[in-house]
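Colleague: Could you take a close look at one part of this protein for me, the bit with the salt bridge, and then show me how it sits in the rest of the chain? I'm new to this, so please go step by step.

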Amino acid sequence: MERLTGQLSVIVDNIAKVSEVATPDVPATSHPIPLENVFRADVVGEMLTVDQVLQNAPDAADGRFRVTAILGEEQ
């Protein structure tokens, strides 16, 4: 209990110090560096055809990748 009381005292003292510095002319901030959107515009480009997508697939059927079933009956 004594250890926690001492820690709480330190926390309260630090909050008091911050309160002294925080004046109305200093705007509150959530981040010290202004944030801005750094993503590029989303522009549609050339797309691959189904044949191009499947040309190197190990197995394909009906315009889709064919994979081994992982659910259901044991193989």
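Modeller: Sure! Let's start with the term itself: a salt bridge here is a side-chain nitrogen of Lys or Arg within 4 Å of a carboxyl oxygen of Asp or Glu. By that rule, the count for this protein comes to 1 salt bridge. Keep in mind that you're looking at a predicted model.

So who are the partners? R66 pairs up with D59, and their closest N and O atoms are 3.3 Å apart. That fits the rule, because the cut-off is 4 Å. Now check how open each partner is. R66 has 52% relative accessibility, so it counts as exposed. D59 has a relative accessible area of 35%, which means it is partly exposed. The cut-off that matters for R66 is simple: exposed means over 50%.

Now look at what lies along the chain between the two partners. Strand 1 covers residues 60–61 and strand 2 covers 64–65, with D62 in the loop between them. D62 is worth a pause. Its phi is positive, about 55°, although D62 is not a glycine. Most residues other than glycine have a negative phi, so that's a nice detail to spot on your screen. D62 is also exposed, because its relative accessible area is 76%.

Let's zoom out, then. The secondary structure adds up to 2 helices and 2 strands, and reading along the sequence you meet them in the pattern α-α-β-β. Helix 1 runs over residues 2–21. Residues L8, I11, V12 and I15 make a nonpolar surface patch of about 380 Å². I11, a member of that patch, lies in helix 1 and is partly exposed because its relative accessibility is 45%.

After that comes a loop between helix 1 and helix 2, and helix 2 covers 50–54. F39 is found in this loop, and with 71% relative accessibility it counts as exposed. F39 and Q7 are 32 residues apart along the chain, and their C-alpha atoms are separated by 44 Å. Further on, D51 is found in helix 2. D51 is exposed as well, because its relative accessibility is 64%. Try finding E20 from there: D51 and E20 are 31 residues apart in sequence and 69 Å apart in space, C-alpha to C-alpha.

How does the whole thing look, given those distances? The C-alpha trace spans about 70 × 40 × 15 Å along its principal axes. The radius of gyration is 31 Å, while a compact globule of 75 residues would have one near 11 Å. Buried residues make up 3% of the 75 residues. As for the surface, the accessible area comes to about 8100 Å², and 58% of it belongs to carbon and sulfur atoms.

One last thing, since you asked about a salt bridge: the charges. The protein has 5 positive and 12 negative charges, and their mean positions are 4 Å apart. Among these charges are the ones on R66 and D59, the pair we began with.

Notes
Residues numbered from 1 in each chain as written. Predicted model: local features only at pLDDT ≥ 70, side-chain atom pairs only at ≥ 80, totals over all residues. Heavy atoms only, no water. Patch = residues over 30% accessible without salt bridge, like charges linked within 9 Å, V, L, I, M, F, W, Y side chains within 5 Å. Areas by Shrake-Rupley, 256 points an atom, 1.4 Å probe, with all protein chains shown as cover. Helix = DSSP H or I, 4+ residues; strand = E, 2+ residues; numbered from the N terminus. Buried < 20%, exposed > 50% of the residue type's maximum accessible area, 1.4 Å probe, protein only. Rg over C-alpha atoms; globule rule 2.2 N^0.38 Å. Charge placed at Lys NZ, Arg CZ, Asp CG, Glu CD.
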